[in-house]
Amino acid sequence: ALPISEDTEKKPLPKTLPAALNALSRDSFLCEVCGDSYVKAYIQEKEREWDRYSREVTDWELNEYLRRI
């Protein structure tokens with residue numbers, strides 16, 4: 001069984017993928033359990049995913065902003 005964290009302070013969940021990845025990189029428990037190399041590879045892949053996502057124009061953006069032109 002995995003040890004239960006002594007840190008009982010409730011922290012809000014990150015609101016964006018970059019914020020979540022930043023929190024993951026600082027989570028010593030997950031880095032130890034999953035391994036530093038896995039966590040680093042996961043973060044790199046998710047950063048690439050965020051890059052691709054950030055370049056897309058969503059339907060909401062088109063509907064919200066195209067009408068104003």
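## Exercises on a four-helix model

Leu21, Leu24, Cys31, Val39 and Ile43 together form the largest nonpolar core, which counts five residues. Helix 1 (17-25) and helix 3 are the elements that give two or more residues to this core. Keep in mind that this is a predicted model. Let's work through it.

### Exercise 1: The overall layout

Work out how many helices and strands the protein has, and in what order its elements run.

**Solution.**
- Start with the count: there are four helices and zero strands.
- Now go along the chain from the N terminus, and the elements read α-α-α-α.
- Next, look at how much is tucked away: of the 69 residues in the protein, 7% are buried.
- Finish with the surface: the accessible area of the protein is about 6,500 Å², and carbon and sulfur atoms account for 55% of that.

### Exercise 2: Around Leu24

Pick out Leu24 in the structure and list which residues it is in contact with, leaving aside its neighbours within four places in sequence.

**Solution.**
- Leu24 is one of the residues of the largest nonpolar core.
- With those sequence neighbours set aside, Leu24 is in contact with Leu30, Cys31, Val39, Tyr42 and Ile43.
- Check that list against the core: Cys31, Val39 and Ile43 are core members too.

### Exercise 3: The cysteines

Find how many disulfides the structure holds, and explain the result using Cys31 and Cys34.

**Solution.**
- A search through the whole structure turns up zero disulfides.
- Take Cys31: the closest cysteine sulfur to its own is the one in Cys34, 7.9 Å away.
- A disulfide needs the two sulfur atoms within 2.5 Å, so 7.9 Å is too far for a bond.
- Turn it around and start from Cys34: its closest cysteine sulfur is in Cys31, so the answer is again 7.9 Å and too far.
- Now compare their surroundings: Cys31 is buried, at 11% relative accessible area, whereas Cys34 is partly exposed, at 39%.

### Exercise 4: Salt bridges in helix 3

Count the salt bridges and say which side chains meet in them.

**Solution.**
- The count comes to two salt bridges.
- In one, the side chains of Glu45 and Arg48 meet, with 2.9 Å from N to O.
- In the other, Lys46 pairs with Glu49, at 2.8 Å from N to O.
- Why can Glu45 and Arg48 be matched up along the helix? They sit three residues apart in helix 3 (residues 36-54), which means about one helical turn separates them.
- Lys46 and Glu49 are also both in helix 3, three residues apart, or about one turn.
- Lastly, check the exposure: Glu45 is partly exposed at 34% relative accessible area, Arg48 is partly exposed at 44%, and Glu49 is partly exposed at 32%.

### Exercise 5: A nonpolar patch

Name the residues that form a nonpolar patch on the surface, then decide whether Leu66 is buried or exposed.

**Solution.**
- The patch is made up of Val57, Leu62, Leu66 and Ile69.
- Together these residues have about 450 Å² of accessible area.
- Now zoom in on Leu66, which you'll find in helix 4 (residues 59-66).
- Leu66 has a relative accessible area of 53%; exposed means over 50%, so Leu66 counts as exposed.

Note on methods:
Residues numbered from 1 in each chain as written. Predicted model: local features only at pLDDT ≥ 70, side-chain atom pairs only at ≥ 80, totals over all residues. Heavy atoms only, no water. Buried < 20%, exposed > 50% of the residue type's maximum accessible area, 1.4 Å probe, protein only. Salt bridge = Lys/Arg side-chain N within 4 Å of Asp/Glu carboxyl O. Core = buried A, V, L, I, M, F, W, Y, C linked by side-chain atoms within 4.5 Å. Contact = heavy atoms within 4.5 Å. Patch = residues over 30% accessible without salt bridge, like charges linked within 9 Å, V, L, I, M, F, W, Y side chains within 5 Å. Areas by Shrake-Rupley, 256 points an atom, 1.4 Å probe, with all protein chains shown as cover.
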